[in-house]
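Here are some exercises to work through with the structure open beside you. Try each task yourself before you read its solution.

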Amino acid sequence: AAIDTAQSSVTIKPASRRLPPLTLCVTEATFISRNGLEAPLDSLRVHDRVRAEYNPETLDALRIEARSR
């Protein structure tokens, strides 16, 4: 994952390498967790494994779950 706290966005690589990276907008409503605990956006790290639920029309992240490697 690539994290841009200034733009409130996260860019993730889909599990399928055939798909391009996807940049999601992080809003006040986005729930973020890291290693099972609620966490702020700036706690995410580049090499975390990330799973995200998002609105496909707006690309707003609804939920981001990250795990350190």
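Two residues are in contact when they have heavy atoms within 4.5 Å of each other. This is a predicted model, in which local features need pLDDT of at least 70 and side-chain atom pairs count only at pLDDT 80 or more, while totals for chains, interfaces and linings use all residues. Residues are numbered from 1 along each chain as its sequence is written, and side-chain values use heavy atoms, with hydrogens and water left out.

**Exercise 1. Find the surroundings of aspartate 48 and decide whether it is buried or exposed.**

Step 1: Locate the residue. Aspartate 48 sits in the loop that runs between strand S4 (37–38) and S5. Strands (E, at least two residues) and helices (H or I, at least four) are DSSP runs, numbered from the N terminus.

Step 2: List its contacts. Setting aside residues up to four places away in sequence, aspartate 48 touches Ala1, Arg34, Ala66, Arg67 and Ser68.

Step 3: Check the accessibility. Buried means under 20% relative accessible area, exposed over 50%, and partly exposed in between (1.4 Å probe, protein chains only). Aspartate 48 has a value of 6%, so it is buried.

Step 4: Look for polar partners. A polar contact is a pair of N or O atoms within 3.5 Å; within protein, one must be able to donate a hydrogen and the other to accept it, and residues adjacent in sequence count only if both atoms are side-chain atoms. The side chain of aspartate 48 makes such a contact with the side chain of arginine 34, at 2.7 Å. A polar atom of the aspartate 48 side chain also lies 3.0 Å from the backbone nitrogen of arginine 45.

**Exercise 2. Compare serine 8 with serine 33: where is each, and why do they fall into their accessibility classes?**

Step 1: Place them. Serine 8 is in the loop between strand S1 (2–4) and S2, whereas serine 33 belongs to strand S3 (residues 22–34).

Step 2: Classify them. Serine 8 counts as partly exposed because its relative accessibility is 29%. Serine 33 is buried because its relative accessible area is 9%.

Step 3: Name the neighbours. Beyond four places in sequence, serine 8 touches Leu24, Cys25, Val26 and Leu41. With that same limit, serine 33 touches Glu38, Ala39, Leu44, Ile64, Glu65 and Ala66.

Step 4: Compare sequence with space. Serine 8 and leucine 41 are 33 residues apart in sequence, and their C-alpha atoms are 7.8 Å apart.

**Exercise 3. Which residues form the largest nonpolar core?**

Step 1: Know what to look for. A nonpolar core is a set of buried Ala, Val, Leu, Ile, Met, Phe, Trp, Tyr and Cys residues joined through side-chain atoms within 4.5 Å.

Step 2: Collect the members. The eleven residues are Val10, Ile12, Leu22, Leu24, Val26, Ile32, Leu41, Leu44, Ala61, Ile64 and Ala66.

Step 3: Assign them to elements. S2, S3 and strand S6 (60–67) each give two or more residues to this core. S3 provides the largest share, four residues.

Step 4: Zoom in on one member. Leaving aside neighbours within four places in sequence, the contacts of valine 10 include Leu22, Leu24, Val26, Leu41, Leu44 and Ile64.

Step 5: Relate this to a general pattern. In soluble globular proteins, nonpolar side chains tend to be buried together.
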